[in-house]
Amino acid sequence: LARIKAAPYAKRYEGGKAAPAAGVTGLILTLRHALRDLPLREWFKSNEGRRADLATWAEKAVGALLGIGRAALAMHKRKVEGNDKAAMEEQDQLGEEVAVDCRGHVVLSHEGVMSAEASNRATQRAVVGSWLTIKEVSLALADTSASLPIGGGCKGDDRSGMLDLKLVGEMGDFLVKGLVESVHNGALEALAAGLQGLATALLKLTPGNPAFLLPKRWLSSLLGRLRAGGNALRWLRRSTGAAHVVASLLLAESVNGGRSPMLDDALESLINLAKGVVDGA
């Protein structure tokens, strides 16, 4: 965990060949194997004396994953989108060409032909490396929510698990933010898988647990931003992630069975939104 947290992520790509290799993906894969293979849930339930230590370990694990995931998402956005002036100036200075086609897919060459003159190797490494890191972080967060007991209170109270309400809230916020901001289909699919896994685990909790309400909160927040219109409407393009957020949360709800209040809310909001677009056309 210390190596993941301290990995010089930006320097790995910004510094070229001389930058130290962080080995981030391998470290995250090792953590994923530990989450899946070690009986962490059983240890937490059977050893009251070690619960505080295990909860602290879980907090550090999630913190390390979110830290490296946010760094990867920031680099991915800066290198691929180039929407703000600073990013555009940086690309001009470095002679980089980073483009996105009509569907939001990254274009690393002209007409599919790679040449030394038309491409920038550092940019390619940054784009590919960042989305691969986002992918592994997302899947690791799904493994975390499936493998560790989730509590509904704050750290240290009677309802706490290895993951408390604050931690799982931060996990979901990162996944939703990543889906909204990423334009790489590989990253979108992994982020969606991570969000579905987290939401599935949360919806298995008792309805009285505050963490049970988080998936509905994430969905309501997104639908509210879509209803407000403006730039948020571009998230509904098939190459961006708003549809993945909605689908992931609704799939998690369907896996757990029972009533489907999120499905009802989503359908009503999206149908009304579609009607407003048609009426305004």
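Author: Contact means heavy atoms within 4.5 Å. The model discussed here is predicted. In it, Ser248 touches Ala192, Leu195 and Gln196, leaving aside residues up to four places away in sequence.

Reader: Where does Ser248 lie?

Author: Ser248 is part of helix H11.

Reader: Why is Ser248 called buried?

Author: Its relative accessibility is 3%. Buried means under 20%, so Ser248 counts as buried at that value.

Reader: What makes the link between Ser248 and Ala192 a polar contact?

Author: A polar atom of the Ser248 side chain lies 3.1 Å from the backbone oxygen of Ala192. The limit for a polar contact is 3.5 Å, so a pair at 3.1 Å is within it.

Reader: How do you know that the span of helix H11 fits its number of residues?

Author: H11 covers residues 242-256, 15 residues in total. Its first and last C-alpha atoms are 22 Å apart, close to the 21 Å expected at 1.5 Å a residue.

Reader: Which residues of H11 are buried?

Author: Ala242, Val245, Val246, Ser248, Leu249, Leu250, Ala252 and Glu253 are.

Reader: What follows H11?

Author: Gly257 does, and its phi is positive, near 70 degrees.

Reader: How do you know that helix H9 has the span expected of it?

Author: H9 runs over residues 185-203, and its 19 residues should span 27 Å at 1.5 Å a residue. The end C-alpha atoms are 26 Å apart, which agrees.

Reader: What makes H9 mostly covered?

Author: Of its 19 residues, 14 are buried.

Reader: Why is Thr144 called buried?

Author: Thr144 lies in helix H7, residues 121-147. Its relative accessible area is 2%. The cut-off for buried is under 20%, so Thr144 is buried.

Reader: What does the side chain of Thr144 reach?

Author: It reaches the backbone oxygen of Ala140 at 2.8 Å. That value is within the 3.5 Å allowed for a polar contact. Thr144 also touches Leu35, Val62, Leu65, Leu163 and Met171, again leaving out residues up to four places away in sequence.

Reader: What makes Lys166 and Glu170 a salt bridge?

Author: The N to O distance between their side chains is 2.7 Å. A salt bridge needs a side-chain nitrogen of Lys or Arg within 4 Å of a carboxyl oxygen of Asp or Glu, so the pair at 2.7 Å qualifies. Lys166 and Glu170 both lie in helix H8, residues 165-181, and are 4 residues apart, about one turn of the helix. In an α-helix there are 3.6 residues a turn, so residues three or four places apart point the same way.

Reader: Why is Lys166 called exposed or buried, whichever applies?

Author: Lys166 has 58% relative accessibility. Exposed means over 50%, so Lys166 counts as exposed. Glu170, with a relative accessible area of 24%, is partly exposed, since that class lies between 20% and 50%.

Reader: How do you know that Arg217 forms a salt bridge with Asp173?

Author: Their closest N and O atoms are 3.1 Å apart, and the limit is 4 Å. Arg217 lies in helix H10, residues 214-228, and Asp173 in helix H8, so the pair ties together parts 44 residues apart in sequence. Arg217 is partly exposed at 42% relative accessible area, and Asp173 is partly exposed at 38%. Elsewhere, Arg32, Arg36, Glu136 and Asp143 are joined into one network by salt bridges that share partners.

Reader: Why are Arg50 and Asp53 called a salt bridge?

Author: The closest N and O atoms of Asp53 and Arg50 are 3.2 Å apart, and the rule asks for a distance within 4 Å. Asp53 is partly exposed, with a relative accessible area of 46%, and Arg50 is partly exposed, also with 46%.

Reader: How many salt bridges does the rule give?

Author: The count comes to 7.

Reader: What makes Arg51 a charge over the ring of Phe44?

Author: Arg51 lies over the face of Phe44, at 5.3 Å from the ring centre. The distance limit is 6 Å, and 5.3 Å is within it.

Reader: How many aromatic pairs does a search of the whole structure find?

Author: It finds 0.

Reader: How many helices and strands does the protein have?

Author: There are 12 helices and 2 strands. From the N terminus the order is α-α-α-α-α-α-β-β-α-α-α-α-α-α. Of the 281 residues, 45% count as buried.

Definitions and conventions: Residues are numbered from 1 along each chain as its sequence is written. This is a predicted model: local features need pLDDT of at least 70, side-chain atom pairs count only at pLDDT 80 or more; totals for chains, interfaces and linings use all residues. Side-chain values use heavy atoms; hydrogens and water are left out. The expected span of a helix is 1.5 Å times one less than its number of residues. Buried means under 20% relative accessible area, exposed over 50%, partly exposed in between (1.4 Å probe, protein chains only). Rings of Phe, Tyr and Trp (its six-membered ring) pair if their centres lie within 6.5 Å; planes under 30 degrees apart count as stacked, over 60 as edge-to-face and the rest as tilted. A charge sits over a ring if NZ of Lys or CZ of Arg is within 6 Å of the ring centre and within 35 degrees of the ring normal. A polar contact is a pair of N or O atoms within 3.5 Å; within protein, one must be able to donate a hydrogen and the other to accept it, and residues adjacent in sequence count only if both atoms are side-chain atoms.
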